[in-house]
Amino acid sequence: MGVHSASELVLAGLDPEQRAAVTAPAGPVCVLAGAGTGKTRAVTSRIAHRALTGEVSPRHVLAVTFTARAAAEMRARLTALGAQGVQARTFHAAALRQVRYFAPRLLAGRAMPELLDSKARVVTLAAARVGLRTDRAAARDLAGEIEWAKSSLVEPGEYVVAAAKALRDTPHEPARVAEVFAAYERLKRSNGVIDFEDMLRAAVWGIEEHPDVAEQVRGQYRHFVVDEYQDVNPLQQRLLETWLGGRDDLTVVGDASQTIYSFTGATSAYLVDFPRRHRGATVVRLVRDYRSTPQVVGLANAVISQARGAEARLRLELRGQRPTGPEPELRIFTDEPAEAAAVATRCRALVDAGTPAREIAVLFRTNAQSEAYEKALTDAEVPYVVQGAERFFERPEVRQAMVALRAATRSIPGDTPLRDAVVEGLSAVGWAPDAAPAGGAARERWEALAALVQLAEEYGASPPVLPIGEAAAVERPVTLADFNDELARRVAQQHVPTVEGVTLASLHSAKGLEWDAVFLVGLSEGTLPTTYARTAEQVEEERRLLYVGITRAREWLWLSYAVARSPGGRARRPSRFLPQLDRSGGGTERAGAGPATRRVERRRPQMVPCRICGAALLAGPDRKLGRCPSCPSDIDQGLYERLHDWRARVAGAQKVPAYVVFTDATLVALAERRPGRPEELIAIAGIGPRKLGLYGEPVLALVEGAAVDDVCSEKTFEIKP
């Protein structure tokens with residue numbers, strides 16, 4: 001095959017926008033690629049097309065991304081396109097390779113320092129050096145804060161001012177963090193080790209301070225591609241600029257609406273400002289979504305259309321390319337256990353209907369939310385895997401807490417209310433029921449132990465029936481020992497190994513992944529957005545998290561929240577980011593919007609549950625049916641046909657439209673619910689006292705199996721007295 005025909009094959013099947021990205025001229029190119037728009041295909045095709053046409057040599061191209069998985073996928077695609085020899089690596093892998101290669105020259109024969117796999121151990125020692133005691137969670141938070149500072153090019157002496165300017169939620173007083181930061185740097189130097197940020201800085205220093213290194217690196221790499229450019233931090237941008245050395249053959253790909261890692265130092269500012277920083281840059285927008293149905297795409301557009309701030313300037317309105325699919329479902333539940341049980345039931349139904357468990361995901365804001373879904377899926381006998389985190393009962397803080405609770409049974413009186421006993425027992429591991437501490441890991445540890453307290457509240461609200469002797473049983477308040485037994489039972493149930501299962505994941509760890517069916521759960525104020533999102537910028541990042549979650553779904557999407565955390569608990573409002581839903585069942589819809597984009601009122605809804613899944617029914621027709629429209633119908637078809645025939649005769653005799661007697665929805669409700677008594681009949685929405693008096697007797701007779709002729713007059717078709 002000739003070069004010309006090979007390059008044409010690369011262009012085959014691309015949409016107009018992808019083709020524009022692939023064939024853009026050399027120089028600065030910015031590809032704004034929405035979720036599911038084929039950005040990897042576009043960027044690898046651009047590299048391959050340029051290589052096959054002779055515009056660039058593959059060995060002179062460096063493509064960088066943020067995960068080893070994404071880099072491996074890029075290399076595989078380039079090989080399949082005939083562009084072997086391109087270097088596709090993460091920032092860290094590319095920097096490490098260069099530092100190791102040039103180490104003999106840069107270090108004058110000295111051995112390269114050892115690279116730390118984790119900062120936590122050295123951070124713990126550094127904290128001790130400055131008189132600060134830390135546990136594992138606190139050490140992780142301090143390590144994360146040091147990582148943010150180094151990625152943001154902030155030195156220890158600059159940390160206090162920089163943290164205040166960035167509105168950092170620091171794990172300790174900023175001055176104390178700065179002390180730990182300085183001690184950490186001293187310990188590294190004395191021990192002859194470096195961390196990942198040091199390695200990136202070493203790569204920058206090697207090029208900027210050594211002309212011979214700069215000449216060799218820039219001679220090797222002349223054309224650059226950066227994927228996920230919205231996630232670049234200042235240190236990575238500095239390295240990229242060092243590689244470029246003033247040249248401008250750079251292609252960046254990103255989506256400002258998927259900027260969700262700013263807490264690590266990532267910033268979309270470089271993507272947003274790319275056209276200004278690179279005058280004459282080619283900007284291409286990819287908006288055709290090949291991943292999700294138009295219904296899912298429409299909901300994603302509705303959520304992100306309300307975005308504000310710098311990232312909103314590059315907001316893309318996606319256009320779904322797949323065949324039409326089901327409308328996204330918005331479900332409201334009385335409490336979180338009911339929500340988790342309903343999700344597990346629907347997962348079971350999807351698996352039974354043929355959807356592979358690996359193609360289903362349950363996504364939540366924090367890892368502490370996973371326990372309820374681990375239990376519910378276990379109870380429903382649905383296998384699951386936890387993405388990016390340990391299972392709830394395998395987390396170190398939870399294991400430690402369970403040991404403390406078992407020990408507490410020896411010191412806490414047996415008649416102590418269960419919740420109080422659990423709180424007292426957890427005090428041994430430093431937990432207190434006040435505001436969560438600052439810092440992500442410490443806060444997550446606190447939330448995990450708070451989840452144990454919530455479990456105790458739920459378990460204590462439904463005391464078990466305990467056998468006494470052989471013939472009697474009584475109820476008694478549960479004790480801490482009972483609760484420990486319940487925890488042990490849950491541990492035993494959830495330690496069953498699974499090879500394939502429903503994915504449980506936080507929204508952050510779900511980025512870059514996709515599934516056929518996605519459940520977005522816990523969408524209430526205080527959870528999404530989290531109560532820790534205090535600034536407008538932080539709230540907008542929470543909105544983008546929901547957008548990322550929505551765009552993970554290919555076909556089937558469920559959004560839900562619980563009015564209360566636990567049964568009978570304090571009511572909460574739905575997330576401000578949720579699509580609008582009309583509680584009246586009438587109302588108006590925006591053009592092109594489905595049921596999931598109607599208006600949500602702020603008042604607490606009257607909870608009329610679906611008799612199938614338990615979700616709150618808000619729309620009038622749904623309340624009349626007594627079930628969600630997507631829940632399976634158990635209609636008695638024969639009864640429905642008799643009711644339909646009877647209604648037609650009555651309407652004809654009374655010379656009124658059929659719906660005046662009963663609407664179609666009422667007939668379906670009657671045929672599904674099959675009321676046997678007047679009080680069951682009047683409980684169906686649309687049947688008031690007047691219609692009960694007019695039609696109650698014949699309808700109940702039809703439900704009992706009577707023929708239409710038996711309840712209607714042959715001559716007049718009037719209702720018999």
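**Exercise 1. Find which residues line the largest cavity, and describe the lining.**

Step 1: Select the lining. In this predicted model, the largest cavity is lined by Arg46, Ile47, Arg50, Val56, Val61, His223, Phe224, Val225, Asp249 and Thr251. A cavity here is a set of points, on a 1 Å grid over the protein atoms alone, where a 1.4 Å probe fits but cannot get out, and lining residues have an atom within 4 Å of a point.

Step 2: Map the lining onto elements. Two or more residues come from each of α3 (39-52) and β6 (223-226). Helices (H or I, at least four residues) and strands (E, at least two) are DSSP runs, numbered from the N terminus.

Step 3: Sort by character. The lining holds five nonpolar, two polar and three charged residues. Ala, Val, Leu, Ile, Met, Phe, Trp, Tyr, Cys and Pro count as nonpolar, Asp, Glu, Lys and Arg as charged, and the others, Gly among them, as polar.

Step 4: Add the volume. The space inside is about 60 Å³, where a volume is the space filled by probe spheres set on the points, and grid points are joined across faces, edges and corners. The structure has four cavities of 30 Å³ or more.

A note on conventions: residues are numbered from 1 along each chain as its sequence is written, and side-chain values use heavy atoms, with hydrogens and water left out. Local features need pLDDT of at least 70, side-chain atom pairs count only at pLDDT 80 or more, and totals for chains, interfaces and linings use all residues.

**Exercise 2. Repeat the work for the second largest cavity.**

Step 1: Its space comes to about 50 Å³.

Step 2: Gln98, Val99, Phe102, Leu106, Ala202, Ala203, Gly206, Ile207, Val213 and Val217 form the lining. Helices α5 (91-106), α10 (196-209) and α11 (211-220) each give two or more of the lining residues.

Step 3: By character, eight residues of this lining are nonpolar, two are polar and none is charged.

**Exercise 3. Place Ala669: is this residue buried or exposed?**

Step 1: Locate Ala669 in helix α27 (residues 664-673).

Step 2: Check the cover. Ala669 has a relative accessible area of 0%, so this residue is buried (under 20%; exposed is over 50%, partly exposed in between, with a 1.4 Å probe and protein chains only).

Step 3: Look across the sequence. Arg627 is 42 residues from Ala669, and their C-alpha atoms are 9.1 Å apart.

Step 4: Set Ala669 against the whole chain. Of its 721 residues, 53% count as buried, and the chain has 30 helices and 18 strands.

Terms used:
1 Å grid on protein atoms, 1.4 Å probe; cavity = no way out; pocket = protein on both sides within 12 Å on 5 of 7 lines; lining within 4 Å.
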